[in-house]
Amino acid sequence: MKKIILGCLGITLLLSSCVSQKKYADLEAKQKETQDLLNSATVKLNDCLEEKATATSRMKTLEDQNAFLKANNQELINNMGNLTTLTTKGAENLEKSLESLKEKDLTIRKLNDAITRRDSVNLALVQSLKGVLGNLDDEDIEISVEKGVVFVSISDKLLFSSGSYNVTTRAKEVLGKVAQVVNNKPDFEFMVEGHTDDVPYSGRNGVLLDNWDLSVKRATAVVRILQNDYGVDPKRMTAAGRAEYVPVSPTEKSKNRRTRIVVLPKIDQFYSMIEEGMKDPAIND
């Protein structure tokens, strides 16, 4: 009986031991599975952490780039505003410059028109003088235009005796022809210039001291003839002496001994030409 009990007890213990071993194995298997899941989760967690760090770094880079682009964009906006301002000012300045050039061009055209008119008048004057004096020797009288001024140069031998300021009879005839032209041109004034050579004056009449005196006396003698004998308005004339200081030839003294009549428009008459030009529709178009 005792043996039977002991046998049953052994069988019970054996069965109990078998059940515990199976549970242990199951538990051990579950632990291994859990450990594998934990390891897999740990690996995934580490991957996520790395991805997060990468994403955080990239986000920081993008934020920096975004901040730079914003600042650069604002700078471009400011520059565009400045450029717009400069462009507007530049356009205004260009418009003013073009307007100024237009005004200057108009003024130049008006002046050129006035000069053209003056030159036309001078040409007509020269033709008139050459018409009345055309039969004279070219060496005795010369008519020219320089810088808009008409010059009538009469040789000393035609007008005066050597060292004298008394006008010759032949010279009075020449001056009469000049007076005929200038009397027909009331809008002109003129100056009579006396010129000598560089030989010192040696007269002993006590009136003239030097070539200055001789040149002035010759000029005033011509002016008196034009006024007294031919009725030229004295308000239109000026007498001047240049002595030997404005020669025309360094070698031929005879050419330097001359009396020159300088004919020029009155200043107010010249400005009238400009004003007429300003009213010309062809210019103001």
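This is a short dialogue on reading some features of a predicted model.

Visitor: How many helices and strands are there, and what pattern do they follow along the sequence?

Guide: The protein has seven helices and five strands, and read along the sequence they follow the pattern α-β-β-α-α-β-α-β-α-β-α-α. Among contacts between residues at least 6 apart in sequence, 71% join residues at least 24 apart.

Visitor: Which residues have the most contacts inside the largest nonpolar core?

Guide: In soluble globular proteins, nonpolar side chains tend to be buried together. Here the largest nonpolar core has 28 residues, and those with the most contacts inside it are Ile154, Leu175, Phe190, Val192, Leu226 and Ile261. Elements giving two or more residues to this core include strand S2 (149-155), strand S3 (188-195), helix H4 (211-229) and strand S5 (258-265). Beyond its neighbours within four places in sequence, Ile261 is in contact with residues including Val152, Ile154, Val178, Phe190 and Val192.

Visitor: Is Arg260, in strand S5, buried or exposed?

Guide: Arg260 counts as buried because its relative accessibility is 17%, where buried means under 20%. Leaving aside neighbours within four places in sequence, Arg260 is in contact with Phe151, Val152, Ser153, Met191, Val192, Glu193 and His195.

Visitor: What is the phi of Ala243, and where is this residue found?

Guide: Most residues other than glycine have a negative phi. Ala243, although not a glycine, has a positive phi of about 50 degrees, and this residue is found in the loop between strand S4 (237-241) and helix H5 (253-256). Ala243 is also buried, with a relative accessible area of 1%.

Technical notes. Residues are numbered from 1 along each chain as its sequence is written. This is a predicted model: local features need pLDDT of at least 70, side-chain atom pairs count only at pLDDT 80 or more; totals for chains, interfaces and linings use all residues. Side-chain values use heavy atoms; hydrogens and water are left out. A nonpolar core is a set of buried Ala, Val, Leu, Ile, Met, Phe, Trp, Tyr and Cys residues joined through side-chain atoms within 4.5 Å. Buried means under 20% relative accessible area, exposed over 50%, partly exposed in between (1.4 Å probe, protein chains only). Helices (H or I, at least four residues) and strands (E, at least two) are DSSP runs, numbered from the N terminus. Contact means heavy atoms within 4.5 Å.
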